[in-house]
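Here is a short tour for anyone meeting this protein for the first time. Have a look at the fold, then read on.

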Amino acid sequence: MKQILNNLHKLAKDKHIENKKYFDKLKKKPPKNLDYVMQDLHDAEFKKTDCLQCANCCKTTGPLFTLADIERISKSFRQKPQQFIDQYLRIDEDKDYVLKSVPCTFLDNENYCMIYDVRPKACREFPHTDRKKFYQISDLTLKNVAICPAAYNIVEEMKKKLPL
């Protein structure tokens, strides 16, 4: 897995222009079956991907925390939401709540999430490759292929399955 992660950033960088052009075309005329194809590609990739072997998303980026996330997580800690915010979060340049630091505070030494059952929505949905109207998140996907080997593989398969 280390080998893949070491190469992933370079691979994603090498494919960036190609992927950007692909997603620009996709946005202009998304195929009618896009959501079905993406769901199939996502499911197939995650049958063979063990996120615990990687956890690069948790090590390199932090999720956005919605107010609902903050309520849910702080409740599980038996804290008031403001206590949770003060202890773990900051407000970023987009006025969103994010972690004070990465790697994620809640990632343990074996890549397990210590708040898995109450984790933020952004974590539950990452890498967003099975999202409805997938073409609407192409900018996010372009970032995620450099972070997540599964997202990289899914996009590569997508270009084969849906040539534009």
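## Inside helix α7

A word first on what "buried" means here: a residue counts as buried when its relative accessible area is under 20%. With that in hand, take T141, which sits in helix α7. Its relative accessibility is 1%, so T141 counts as buried. Keep in mind that this is a predicted model. Once neighbours within four places in sequence are set aside, T141 touches F23, F134 and V155.

L142 belongs to helix α7 too, which covers residues 138–144. At 11% relative accessibility, L142 is under the 20% limit and therefore buried. Its contacts, again skipping neighbours within four places in sequence, are H16, N19, K20 and F23. As for K32, that residue is 110 residues away from L142 along the chain, and the two C-alpha atoms are 21 Å apart.

## Two nonpolar cores

Which residues have the most contacts inside the largest nonpolar core? They are F23, L34, M38, F134 and M158, in a core of 21 residues. Three elements give two or more residues to this core: α1 (2–28), α2 (34–48) and α8. The largest share, six residues, comes from α8. As a rule, nonpolar side chains in soluble globular proteins tend to be buried together.

L34 is a handy place to see who meets whom. Leaving out neighbours within four places in sequence, L34 is in contact with L26, F134, Y135, M158 and L162. There is also a second, separate core, made of 14 residues, and F65, F84, Y88 and V118 are among them.

## A closer look at α8

Helix α8 runs over residues 149–161, which makes 13 residues. How far apart should the ends be? At 1.5 Å a residue, the expected span is 18 Å, and the end C-alpha atoms are indeed 18 Å apart, so the two agree.

Plenty of this helix is tucked away. The buried residues in α8 are P149, A150, A151, Y152, I154, V155, E156, M158 and K159. Two of these names have come up already: V155 is a contact of T141, and M158 is a contact of L34.

## The sheet and its helix

Now for the strands. Three of them make an open sheet, in the order β1-β3-β2, with antiparallel pairing. The edges are β1 (64–65) and β2 (89–91); each has a single partner strand, so one side of each has no neighbour in the sheet. Helix α5 (residues 81–88) packs on this sheet and touches β1, β2 and β3, and its direction makes about 85° with that of β2.

Between β1 and β3 (residues 97–99), which run antiparallel, there are two bridges. On the β3 side, Y97 is the bridge partner of F65. F65 is also one of the residues in the second core.

## Cysteines without a bond

How many disulfides are there? The count is zero. A disulfide needs two cysteine sulfur atoms within 2.5 Å. The closest cysteine sulfur to that of C57 is in C58, 3.9 Å away, which is too far for a bond. Seen from the other end, the closest to C58 is in C57, so the answer is again no bond.

Are these cysteines buried or exposed? C57 has 25% relative accessibility, so it counts as partly exposed. C58 is partly exposed as well, with a relative accessible area of 25%.

## Unusual spots in the backbone

Two peptide bonds are cis. One goes from V102 to P103, with omega near 0°, and P103 lies in the loop between β3 and α6 (121–125). Another goes from F126 to P127, with omega near 5°, and P127 is in the loop between α6 and α7.

Positive phi values turn up in residues other than glycine, too. A55 has phi near 55° and is found in the loop between α2 and α3 (56–60). With a relative accessible area of 5%, A55 is buried. N111 has phi near 70° and sits in the loop between β3 and α6. N111 is buried as well, at a relative accessible area of 15%.

Note on methods: Residues numbered from 1 in each chain as written. Predicted model: local features only at pLDDT ≥ 70, side-chain atom pairs only at ≥ 80, totals over all residues. Heavy atoms only, no water. Helix = DSSP H or I, 4+ residues; strand = E, 2+ residues; numbered from the N terminus. Expected span 1.5 Å × (residues − 1). Buried < 20%, exposed > 50% of the residue type's maximum accessible area, 1.4 Å probe, protein only. Pairing = 2+ DSSP bridges. Contact = heavy atoms within 4.5 Å. Axes fitted to C-alpha atoms, helices over the stretch in contact; angles between N-to-C directions. Core = buried A, V, L, I, M, F, W, Y, C linked by side-chain atoms within 4.5 Å.
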